[in-house]
Amino acid sequence: MDSKSKITRRRAIAAGGATVLFGGGVAYLASGSESDEPEYVPETFHTSEETTGFGVELAGRPLVGDPEATVDVYYWTDYLCPFCKKFETETLPKVGSEYIDTGDVRLVVLPYPNIGEYSMPAVVWSRCVWRAVERTDPEAFWRWHEAAFDAQSESGHDWADEATFRSITERTDGVSVSAVDSCRESRGDAIRDAIETNVGVAQSVEIRGTPGFVLYNRDADAAGKLVGAHPYDTFSNALDRVLDA
């Protein structure tokens, strides 16, 4: 598909021209303490240079699950976002075991820096960690990813700074700090520029914050949208609708 066709399709979906199964949603606040769900480590990782039918560029992004999965979940996130942490700890583990690891769904982790001053630098750390480990130890990226969310403070986003993310990187087994530093130095500007296209895709379907999700059936060209840290049952129902499209 050429770039003009991708743009046309994206606009059609945003305007309701393609099959949109559902949309909208708000974040929820769970009561009680942190979830007792175990940490989720995906069984399968892969890479791709593809731009998907929904217009999402995959190059340089962590891809989780079977590359031939029926449904893509485009997950826009920010390491400073408390609702993203809630999704990661309370919803993603079961979505992972019930849909991703079974081969039905592929998860595409996409940055949407929108919370604080360190949101964009955190994107660069993330992409450089992935670049350092994607071919040798992709699980190391997920260990880093979870550690970054675990570092969130209850007192806003002032916790996020250079020292915190360097410490996370140094503590993550399998990640070369020198390789990450080299990437940040040589590719930081390119990484910042590259996120604009996929943020534009999110904004074209009126995702204005994090976490935001598009659930896209690649075969049926049917999509749904969720915004916020929805509980597992809501997410499961949405995935089932898109899978059955």
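At what angle do H2 and H5 pack, and how far apart are their axes? The views below take up that pair and then move on through the predicted model.

**View 1. Helices H2 and H5 cross each other.**
The answer is an angle of about 125°, with the two axes 10 Å apart. That makes H2 oblique to H5, since an angle between 115 and 145 degrees falls outside the roughly perpendicular and roughly antiparallel ranges. As for handedness, the crossing of H2 and H5 is left-handed. Look for the side that H2 brings to the meeting: Cys84, Lys85 and Glu88. Across from them, H5 supplies Trp142, His145, Phe149 and Asp150.

**View 2. His145 sits inside, with a polar partner.**
Zoom in on one residue of helix H5, His145. Is His145 buried or exposed? His145 has a relative accessible area of 0%, so it counts as buried, the cut-off being under 20%. Its side chain makes a polar contact with the side chain of Glu88, at 2.8 Å. Glu88 is one of the H2 residues that you met in the crossing of H2 and H5. Once you set aside neighbours within four places in sequence, the residues in contact with His145 are Tyr79, Glu88 and Val109.

**View 3. Gln152 in the loop after H5.**
Follow the chain out of H5 and you come to the loop between H5 and H6, where Gln152 lies. Gln152 has 12% relative accessibility, so this loop residue counts as buried. What does the side chain of Gln152 reach at 3.0 Å? It is the backbone oxygen of Tyr79. Tyr79 also turns up among the contacts of His145. Leaving out neighbours within four places in sequence, Gln152 is in contact with Tyr79, Leu80, Cys81, Pro82, Lys85 and Trp159.

**View 4. Helices H5 and H6 on the other end of that loop.**
Here you can see H5 packing with helix H6, which covers residues 162–171. The angle between H5 and H6 is about 140°, and their axes are 9 Å apart. The H5 and H6 crossing is right-handed, while the crossing of H2 and H5 is left-handed. Trp144, Ala147 and Ala148 are the H5 residues at this meeting place. On the H6 side you will find Phe165, Ile168 and Thr169.

**View 5. Helix H3 and what it packs against.**
Helix H3 runs over residues 92–100, and its buried residues are Leu92, Pro93, Val95, Gly96, Tyr99 and Ile100. Which elements do the buried residues of H3 pack against? Two are strands, S3 (63–64) and S5 (105–111). The others are helices: H2 (82–90), H5 (138–150) and H8 (232–243). So H2 and H5, the pair from the opening view, show up here again as partners of H3.

**View 6. Strand S6 with S4 and S7 as partners.**
Strand S6 takes in residues 212–217 and joins S7 through 6 bridges, with the two running antiparallel. S6 also pairs with strand S4 (residues 71–77), again in the antiparallel sense and over 6 bridges. If you want to find the matching positions, Val73 stands opposite Leu215 in S6. Towards S7, Phe213 stands opposite Leu226 and Val214 stands opposite Lys225. Which residues of S6 are buried on each face? Gly212, Val214 and Tyr216 are on one side, and Phe213, Leu215 and Asn217 are on the other. S7 (residues 222–227) is mostly covered too, with 5 of its 6 residues buried.

**View 7. The turn between S6 and S7, and the loop beyond.**
S6 and S7 form a hairpin with 4 residues between the strands. One residue to pick out in this hairpin is Asp221, which takes a positive phi near 55°. Past the hairpin, Gly228 lies in the loop between S7 and H8. Its relative accessibility is 3%, so Gly228 counts as buried. Gly228 and Thr210 are 18 residues apart in sequence, yet their C-alpha atoms are 6.6 Å apart in space.

**View 8. Stepping back to the whole chain.**
Zoom out and you can place these close-ups in a protein chain of 8 helices and 7 strands. Of its 245 residues, 47% are buried. Now take the contacts in the chain with a separation of 6 or more: residues 24 or more positions apart account for 76% of them.

Note on methods:
Residues are numbered from 1 along each chain as its sequence is written. This is a predicted model: local features need pLDDT of at least 70, side-chain atom pairs count only at pLDDT 80 or more; totals for chains, interfaces and linings use all residues. Side-chain values use heavy atoms; hydrogens and water are left out. Buried means under 20% relative accessible area, exposed over 50%, partly exposed in between (1.4 Å probe, protein chains only). Contact means heavy atoms within 4.5 Å. Two strands pair if DSSP finds at least two bridges between them. A polar contact is a pair of N or O atoms within 3.5 Å; within protein, one must be able to donate a hydrogen and the other to accept it, and residues adjacent in sequence count only if both atoms are side-chain atoms. Axes are lines fitted to C-alpha atoms, for helices over the stretch in contact, and angles run from 0 to 180 degrees between N-to-C directions. Angles under 35 degrees count as roughly parallel, over 145 as roughly antiparallel, 65 to 115 as roughly perpendicular and the rest as oblique. A crossing is left-handed if the near helix is turned anticlockwise from the far one by less than a right angle, and right-handed if clockwise.
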